[in-house]
Amino acid sequence: MTTETRLRIAMQKSGRLSDETQQLLKRCGLKLNVGDRRLLAHVTNMPIDIMRVRSSDIPGLVMDGVCDLGIVGDNTLEETALERELLGQNSAYTKTTGLNFGGCRLSLAMPEEFNYTGLASLDGLRFATTYPQLMKRFAKENGINVDFCLLKGSVEVAPRVGLADGICDLVSTGATLEANGLKEVEVIYRSKASLIQGVELAPEKQAILDTLLPRIQGVMKAKE
Ligand code: ATP
């Protein structure tokens, strides 16, 4: 009996990256049943399986070797890598290629009435964020002392309810900040989606990637 080697790619199940990721795979010629709700879906014309998961689970699945590749935002990738490093877990990965979608920035934002006079004016304040590791790294590199509290969603509400002085959150247009009485004061990280892989692929899987990667790069180039 032969078992075919299949490349397993993790992508976001539903959210801001899922449509563009699905489009990218389709433009690369991968035949997937679009209506397929299965969490592990077979590509019918290439030895590839697509695993649909939460974005925040993708880096760990790749770093642990459960998935060979993943498509994820750099923000989630770096946050997870820093967190796993701290916990002594495997945090190694390779960025196979950057992708030209999912652009956003991780920014510090304060209530509109806050008198922002530079980073020093944030010293000693408390920030609500989903990205404590990226925020801690920024604070350390810039010599400011900040406290944080972890919120997985609705971060913008934190200052209004007295949970934090400001927030550190993802922004693309700034409309959500404005709607919540906040102003962006510093960009701490710029992010896009990336294709990532664990450190080394078995030769059969590398061969599948060698076919797929030029297609991905071609689609990206055509979009420029
Ligand atoms: P999960 O799938 O774990 O629920 P999530 O809550 O981060 O992940 P989304 O809000 O769909 O899910 O965001 C997915 C990714 O999309 C982000 O990590 C980021 O890389 C990218 N992104 C692009 N623009 C924005 C934005 N304005 N706000 C949030 N994320 C953005």
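Here are legends for a few views of this predicted model.

**View 1. The protein chain as a whole.**
Start with the full C-alpha trace, which spans about 65 × 35 × 30 Å along its principal axes. The secondary structure of the protein chain adds up to six helices and eleven strands. Out of 224 residues, 30% count as buried. Look at the contacts between residues at least 6 apart in sequence, and 67% of them turn out to join residues at least 24 apart.

**View 2. Helix H3, residues 74–86****.**
This helix packs 13 residues into a run that reaches 18 Å from its first C-alpha to its last, close to the 18 Å expected at 1.5 Å a residue. Its buried residues start with Asp-74, Asn-75, Thr-76 and Leu-77, and the list carries on with Glu-79, Thr-80 and Ala-81. After H3 comes Gly-88, and the phi of Gly-88 is positive, near 75°.

**View 3. Val-146 in its loop****.**
Here we're in the loop between helix H4 (132–141) and strand E8 (147–150), where Val-146 is found. Val-146 counts as buried because 22 other C-beta atoms lie within 10 Å, and the cut-off is 20 or more.

**View 4. Who Val-146 meets****.**
Leaving aside residues up to four places away in sequence, Val-146 touches Leu-122, Leu-125, Phe-127 and Ala-139. For a bit of scale, pick out Thr-129 too: Val-146 and Thr-129 are 17 residues apart along the chain, and their C-alpha atoms are separated by 12 Å.

How values were computed. Residues are numbered from 1 along each chain as its sequence is written. This is a predicted model: local features need pLDDT of at least 70, side-chain atom pairs count only at pLDDT 80 or more; totals for chains, interfaces and linings use all residues. Helices (H or I, at least four residues) and strands (E, at least two) are DSSP runs, numbered from the N terminus. The expected span of a helix is 1.5 Å times one less than its number of residues. A residue is buried if 20 or more other C-beta atoms lie within 10 Å of its own, exposed if 12 or fewer, and partly exposed in between; C-beta atoms are placed from the backbone. Two residues are in contact if their C-beta atoms, placed from the backbone, lie within 7 Å.
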